Each structure stands twice: as structure tokens, then as C-alpha cells.
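The following exercises introduce a protein structure step by step. Please attempt each task before reading its solution.

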Amino acid sequence: FPGGSELLRSVLAYLKEAPRESSLSALTSPALSAETLGNYLVAATLLESPRLLRELAHSSVFTGLHSLQARSLLEKVLPLSEDGRAGTSVFGGPACRKGALSTAAEEALAEVIGRLCEQLDPREFVLGPRYAKGGP
């Protein structure tokens, strides 16, 4: 499980709490931070928790990300948006999960991806020589 058993226990504690305005305080071990956010996003996707995905996307940790941090998280969560039925990822490796996400989880993951894209600064991206010439 991404982030190990401690993170899983933390996510399960979050899921057990009654829905409140913000129950991210249950994510204590490890504490929610820019370094652990990616693992929490992956866990929320694998467990198909739209509530956790949305709360993470609106957390102060998420909104405080720098562009390069957002890019790194995009690289981690984009493969999770594939349904895995083909067995391989569009990134060339094996699929991250099997089967399609529920509609609610898919919509929440799309919101996370959209919010990450909003935080990208296009000035930080430079095409390498291979791509600048239009090659594959």
C-alpha cells in the first residue's frame, strides 16, 4: 500500500469518522504534508474515496504546492485515471489498478488533476531538443 501500513491506518481512521466540514485532522500518521500528499492521493484513489480526494484537493497543503510539486503529483496520479482493463498504462508500464473507478471517484480524481494543472507554471517547462523539433 502506498505510504505503508501507518498511512493505511490513518486513511481508515479518516473513513470511519462521520462526514464533517473537514476531517483531515484524522490523517496524523504520517501527518499530511507536501511530502505525504501524493501517497494520500494514491490511497484515496485506490480506496475509491471521492470525499477524501476532494478534501485533499481543497486542503491548505494542496493549495500551497509550488508548480514543480504539482507536476510531481500529476506524474503520480495521472496513471491512476486509467481503468487498467488494457493491462498497460499509457506511460508504458503496467496498469496501476484493475477495473474502472466509480463515477464519483472518477469525478473527484478529475477535480484533483484539474486543480493540480491550475497550479502549474508554464514558464518552468522547457522542451528538450528531441521534442522541440517535433519528434516522438
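**Exercise 1.** Determine whether Leu15 is buried, partly exposed or exposed.

*Solution.* Leu15 has a relative accessible area of 36%. Buried means under 20%, exposed over 50%, and partly exposed in between (1.4 Å probe, protein chains only). Leu15 is therefore partly exposed. This residue belongs to helix H1, where helices are DSSP runs of H or I with at least four residues, strands are runs of E with at least two, and both are numbered from the N terminus.

The model is a predicted one, in which local features need pLDDT of at least 70 and side-chain atom pairs count only at pLDDT 80 or more, while totals for chains, interfaces and linings use all residues. Residues are numbered from 1 along each chain as its sequence is written, and side-chain values use heavy atoms, with hydrogens and water left out.

**Exercise 2.** State how many helices and strands the protein chain contains, and what share of its residues is buried.

*Solution.* The chain has seven helices and zero strands. In order from the N terminus, the elements read α-α-α-α-α-α-α. Of the 136 residues, 36% are buried.

**Exercise 3.** Establish where Leu27 lies and whether Leu27 is buried or exposed.

*Solution.* Leu27 sits in the loop between H1 and H2. Its relative accessibility is 4%, so Leu27 counts as buried. Not counting residues up to four places away in sequence, Leu27 touches Ser10, Val11, Tyr14, Leu32, Tyr40, Leu52 and Leu56; contact means heavy atoms within 4.5 Å.

**Exercise 4.** Identify the residues that touch the most other members of the largest nonpolar core, and the elements that give two or more residues to this core.

*Solution.* A nonpolar core is a set of buried Ala, Val, Leu, Ile, Met, Phe, Trp, Tyr and Cys residues joined through side-chain atoms within 4.5 Å. The largest one has 31 residues, and Leu27, Leu37, Leu41, Leu52, Leu56 and Leu116 touch the most other members. Two or more residues each come from helix H1 (4-16), helix H2 (37-46), helix H3 (50-57), helix H5 (67-77) and helix H6 (103-118). Leaving aside neighbours within four places in sequence, Leu116 is in contact with Phe62, Leu65, Ala70, Leu73, Leu74 and Val77.

**Exercise 5.** Find which side chain makes a polar contact with the side chain of Asn39.

*Solution.* Asn39 is located in helix H2. Setting aside neighbours within four places in sequence, the contacts of Asn39 are Pro2, Gly3, Leu7 and Lys76.

The side chain of Lys76 makes the polar contact, at 3.0 Å. Such a contact is a pair of N or O atoms within 3.5 Å; within protein, one must be able to donate a hydrogen and the other to accept it, and residues adjacent in sequence count only if both atoms are side-chain atoms.
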